[in-house]
Amino acid sequence: MQAKFVEDQIIKESYSAIERLRQRLLGVSPRYYIETYGCQMNEHDSEKIAGMLESVGYVPAVSKNDADLILFNTCCIRDHAEKRTFGNVGFVKELKQNNPALITAVCGCMMQQREVAKRLASRFPFVDLVFGTNELHIFPQMLEKVMDGGRVFEIKDIEGEIAEGLPIKRNEGFSTFVNIMYGCNNFCSYCIVPYVRGRERSRRAEDIVAEVRHVVEAEGFTEVTLLGQNVNSYDDNGIKFPELLRRVNEIEGLRRLRFMTSHPKDLSHELVMAMAECDKVCPHIHLPVQSGSNRILQLMNRRYTREHYLDLVKDLRENVQGIEITTDIIVGFPTETDEDLNDTLDLVRKVGYSAAYSFAYSVRPGTKAASMDGQIPEEIKKQRLALLNEVILESVNGANDKYIGTEDEILIEGVDTRGEPMLFGKLGCLKMVYVKGDESLIGTYHRARITGTRFNSLVGELMD
Ligand code: 5AD
Ligand code: SF4
């Protein structure tokens with residue numbers, strides 16, 4: 001689909017509002033606190049809001065207690081994310097009583113469900129600003145209205161526009177995210193994302209390349225993760241994902257290039273070869289399988305079979321040297337039998353994931369699976385999840401031994417001070433490695449020799 005872009009005029013208005021707010025807040029330096037739930041997409045949206053807040057003069061608060069503005073960026077992928085949000089927004093009531101000038105805002109996927117947003121707004125009258133996933137770029141205008149004493153509730157239907165050119169305050173570190181596309185067209189039958197993030201739309205390749213170049217050259221990041229709900233269907237007027245990877249791979253100063261998430265139905269051999277040939281693309285892929293049973297995969301509307309998935313794994317392993325694969329798995333999907341579960345456990349053992357994120361199926365109102373017969377009792381979902389987690393743990397631990405004696409490059413990211421201080425860093429394949437060394441090495445790349453394993457990670461020593 002041809003992507004639509006937010007008109008320049010609207011972005012200009014956002015910048016005018018930023019300028020007016022900046023004047024208004026001169027010499028004040030109010031503090032903001034953002035609490036983010038959910039995936040990297042939400043994390044990155046929070047970085048965009050932080051960018052706008054900092055450009056009007058806000059500075060980060062240490063905690064909610066000393067903030068002048070608290071924003072909750074919500075998630076609704078599973079039921080408990082929703083429950084937690086209601087609980088945590090409720091706590092702000094007390095802070096507001098102590099500080100009536102406190103501004104409280106709630107945004108994100110959960111608020112894009114209009115009924116839930118209305119419920120939240122009426123349960124918590126002290127919330128000043130509620131907005132959905134499509135209103136990020138008019139945040140300055142909305143904040144201005146709140147500062148004028150208004151209460152703002154802004155949730156539009158998602159038309160699927162892309163807003164370019166707004167400020168971003170990136171988290172500190174050496175690794176950062178760059179969006180390449182928004183939304184999802186897949187309608188997996190359990191998933192709420194297509195309803196709250198709208199249809200798939202790809203950013204222009206030239207804008208993505210320019211942003212990666214900027215974060216590398218001007219902000220000093222050396223590792224970039226390209227983000228999208230389904231990066232394998234990226235399409236900017238015929239420029240597909242493998243081509244985009246090749247273009248980003250050319251950027252000087254970039255050391256590591258990652259991407260997520262990949263949908264198995266769209267993972268092409270061409271992409272596998274692009275991964276193999278681009279020297280900066282890390283040997284890791286997050287490839288959610290969701291289930292190992294063909295019957296359940298069909299009910300989930302995943303549009304691939306376990307055989308196809310295993311063929312992809314073979315292709316990846318044959319062509320991308322040292323690749324590690326991670327995944328997401330759901331148990332307790334409607335009608336799932338013990339036999340279906342066994343198919344999933346068998347697939348986990350066959351693939352040998354380096355990490356697998358496991359979930360009990362959570363009913364999402366409005367999705368197709370929510371109204372399917374054969375819903376599984378919570379107790380059984382829990383038992384199946386425990387069983388799956390055991391199998392995941394066994395296969396992940398077993399897969400770590402092969403690293404002992406190998407040598408490879410790590411990016412040193414920090415120091416772990418629990419017990420004897422150890423630096424930690426990541427291999428390209430995402431495995432965490434602990435090494436002894438000086439804190440001044442944080443942020444640099446070094447070769448390490450792996451000498452042992454430690455829980456889910458590796459232990460090694462730095463080489464000269
Ligand atoms: N219940 C449980 N897990 C879910 N996921 C998405 N929707 C649901 C749901 N309704 C999981 C999928 C997805 C990950 C981000 O969250 O495994 O890949
Ligand atoms: Fe949800 Fe499926 Fe889209 Fe992923 S691909 S966001 S699981 S609908």
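User: Which residues stand around ligand 2 in this model, and how many of them are nonpolar, polar and charged?

Analyst: In this predicted model, the residues around ligand 2 include Cys-184, Cys-188 and Cys-191, together with Asn-186, Gln-229, His-263 and Arg-302. Phe-187, Tyr-190, Val-193 and Pro-194 are also among the residues around ligand 2. By class, this shell divides into 7 nonpolar, 3 polar and 1 charged.

User: Which strands stand at the edges of the sheet β16-β17-β18, and why is one side of each left without a neighbour?

Analyst: The sheet is open and is formed by 3 strands in the order β16-β17-β18, with parallel pairing. Each edge strand has a single partner strand, so one side of each is left without a neighbour in the sheet; these strands are β16 (284-286) and β18 (355-360).

User: By what angle are neighbouring strands of this sheet turned against each other on average, and what angle does the direction of helix α14 make with that of β18?

Analyst: With direction ignored, neighbouring strands of the sheet are turned by 10° against each other on average. Helix α14, spanning residues 378-400, packs on the sheet and touches both β17 and β18. The direction of α14 makes with that of β18 an angle of about 175°.

User: Over how many bridges do β17 and β18 pair, and what is the bridge partner of Val-331 in β18?

Analyst: Strand β17, which covers residues 324-331, pairs with β18 in the parallel sense over 6 bridges. For Val-331, the bridge partner in β18 is Ala-360.

User: Is helix α2 parallel or oblique to helix α6, and which residues make the contact?

Analyst: The axes of α2 (residues 40-56) and α6 (residues 139-147) come within 10 Å and cross at roughly 55°. That angle is neither under 35 degrees nor within 65 to 115, nor over 145, so α2 counts as oblique to α6. α2 passes α6 in a right-handed crossing, and the contact has 6 nonpolar, no polar and no charged residues. The contact is made by Ile-49, Met-52 and Leu-53 of α2 and by Phe-139, Pro-140 and Leu-143 of α6.

User: How do β21 and β22 run relative to β23, and which residue takes a positive phi in the hairpin of β22 and β23?

Analyst: Strand β21 (residues 432-435) runs parallel to β23 (residues 457-462) and is joined to it by 2 bridges, with Val-433 partnered by Leu-458. Strand β22 (residues 445-454), in turn, runs antiparallel to β23 and is joined to it by 6 bridges, and here Gly-452 stands opposite Val-459. The hairpin of β22 and β23 has 2 residues between the strands, and the residue with a positive phi, near 45°, is Phe-455.

Key:
Residues numbered from 1 in each chain as written. Chains lettered and ligands numbered in written order. Predicted model: local features only at pLDDT ≥ 70, side-chain atom pairs only at ≥ 80, totals over all residues. Heavy atoms only, no water. Near = heavy atom within 4 Å. Nonpolar A, V, L, I, M, F, W, Y, C, P; charged D, E, K, R; others polar. Pairing = 2+ DSSP bridges. Helix = DSSP H or I, 4+ residues; strand = E, 2+ residues; numbered from the N terminus. Axes fitted to C-alpha atoms, helices over the stretch in contact; angles between N-to-C directions. Contact = heavy atoms within 4.5 Å. Left-handed = near helix turned anticlockwise from the far one by under 90°.
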